[in-house]
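Trainee: I would like to go through the terms used for this model. Can we set each value against its cut-off?
Mentor: Here is the structure.

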Amino acid sequence: MEKEPPLSNESALPKTVLITGASAGIGKAIAHVFARHEFDVILVARREDKLSQVQQEIKQQYGQMAYVITEDLADPAAPQRIYDWCEQQGLQVDALVNNAGYALHTDFLQSDWKTHRDFMQVMTISVTELCYLFAPGMKQRGYGRILNLASLAAFSPQLKGNLYGAAKSFVLDFSQALDLELHPHNVYCSALCPGLTFSEFHDVMGTRGSVSKLPRFMWMTAEEVANEGYDALMEGKPVHVTGLVNQGLSHVMAALPSSVKQFLSKQQKVI
Ligand SMILES: NC(=O)c1ccc[n+]([C@@H]2O[C@H](COP(=O)([O-])OP(=O)(O)OC[C@H]3O[C@@H](n4cnc5c(N)ncnc54)[C@H](OP(=O)(O)O)[C@@H]3O)[C@@H](O)[C@H]2O)c1
């Protein structure tokens, strides 16, 4: 495949991106987009066979270096191990994509505490800690790009007993706060907020049956989300909602008074 020229006018030195949740869906698509823009990639997730497949695709299609780290981000020690591995390999991480994620489909009190603790570890703590570990090097070198996967759910009415909206609201707010601190040092941090996206997400959540009834115009492909996310990050947008439909919905939801949001929450079924 013919290589596209890099879009940015930053240094021509090779750059490396670390992407969590790169074995499937949006993370896998993001790995392809960065590699197309001549980044080497470090792919992180639990399923080694899927990661190896993405690794081969990246090497063959773009001729970029691709590394695999098999880690479960529910393990509180994982972010430090990931950072240490990169240091030991002499890999300088210029871009970080905190994408790994999932949603639970149960009421709060139906799940045991470990289930919630693991969820919060993957969705919030690991995101924050990976930023904490990799951002200082970016700041010191005067270049860095951090993309954190939030969601349209960060703007939506809450679902009964579900931690997903709260976790994504945290990612949205944290990313904006981090961007305020780092942007003057040429380290951009963006929160990417997709709506419904074709991936394994709803299979993992167990809601494929109900969501597949929703109309096609509400859905985006993982590739569309990845392309928009890359462009928004490189443009230095602190927040980007993907697609015109989702952008419209986010504006409407942001303008709703909390009493209306609460009313809507009570009407909702989990999808
Ligand atoms: N799809 C949507 O409709 C949608 C909408 C808004 C936001 N999002 C967000 O977009 C992000 C990507 O989701 P997706 O749609 O691409 O879902 P997906 O296809 O299910 O992919 C999720 C990725 O996260 C990884 N992952 C999950 N738990 C992990 C753990 N404990 N440790 C390490 N990696 C883990 C999975 O890899 P392994 O299973 O191999 O570990 C997989 O690579 C998530 O943050 C999600 O919340 C998705």
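Mentor: Start with the ligand. A residue is near a molecule or strand if one of its heavy atoms lies within 4 Å of it. By that rule, 31 residues surround the ligand. The closest are Ser23, Arg46, Asn99, Tyr164 and Ser199. Two notes on the source: this is a predicted model, where local features need pLDDT of at least 70, side-chain atom pairs count only at pLDDT 80 or more, and totals for chains, interfaces and linings use all residues. Residues are numbered from 1 along each chain as its sequence is written, and side-chain values use heavy atoms, with hydrogens and water left out.

Trainee: What makes the pair formed by Arg46 and the ligand a polar contact?
Mentor: A polar contact is a pair of N or O atoms within 3.5 Å; within protein, one must be able to donate a hydrogen and the other to accept it, and residues adjacent in sequence count only if both atoms are side-chain atoms. An N or O atom in the side chain of Arg46 is 2.7 Å from an oxygen atom of the ligand. So the pair qualifies.

Trainee: Which backbone atoms pair with the ligand at Glu200 and Gly101?
Mentor: At Glu200, a backbone N or O atom lies 2.9 Å from a ligand oxygen atom. At Gly101, a polar backbone atom is 3.4 Å from an oxygen atom of the ligand.

Trainee: Now the helices. Why are α1 and α8 called oblique?
Mentor: Helices (H or I, at least four residues) and strands (E, at least two) are DSSP runs, numbered from the N terminus. Axes are lines fitted to C-alpha atoms, for helices over the stretch in contact, and angles run from 0 to 180 degrees between N-to-C directions. Under 35 degrees counts as roughly parallel, over 145 as roughly antiparallel, 65 to 115 as roughly perpendicular, and the rest as oblique. Helix α1 (residues 25-36) and helix α8 (residues 222-235) pack at about 55°, with axes 8 Å apart. Therefore the two are oblique.

Trainee: Why is α3 roughly parallel to α4?
Mentor: Helix α3 (residues 78-89) and helix α4 (residues 113-141) pack at an angle of about 30°, their axes 9 Å apart. That angle makes them roughly parallel.

Trainee: Which residues make that contact?
Mentor: Contact means heavy atoms within 4.5 Å. From α3 come Pro79, Gln80, Ile82, Tyr83 and Cys86. From α4 come Ser126, Glu129, Leu130, Leu133 and Phe134.

Trainee: And what makes α1 roughly parallel to α2?
Mentor: The angle between α1 and helix α2 (residues 48-62) is about 25°, with axes 10 Å apart. So α1 is roughly parallel to α2.
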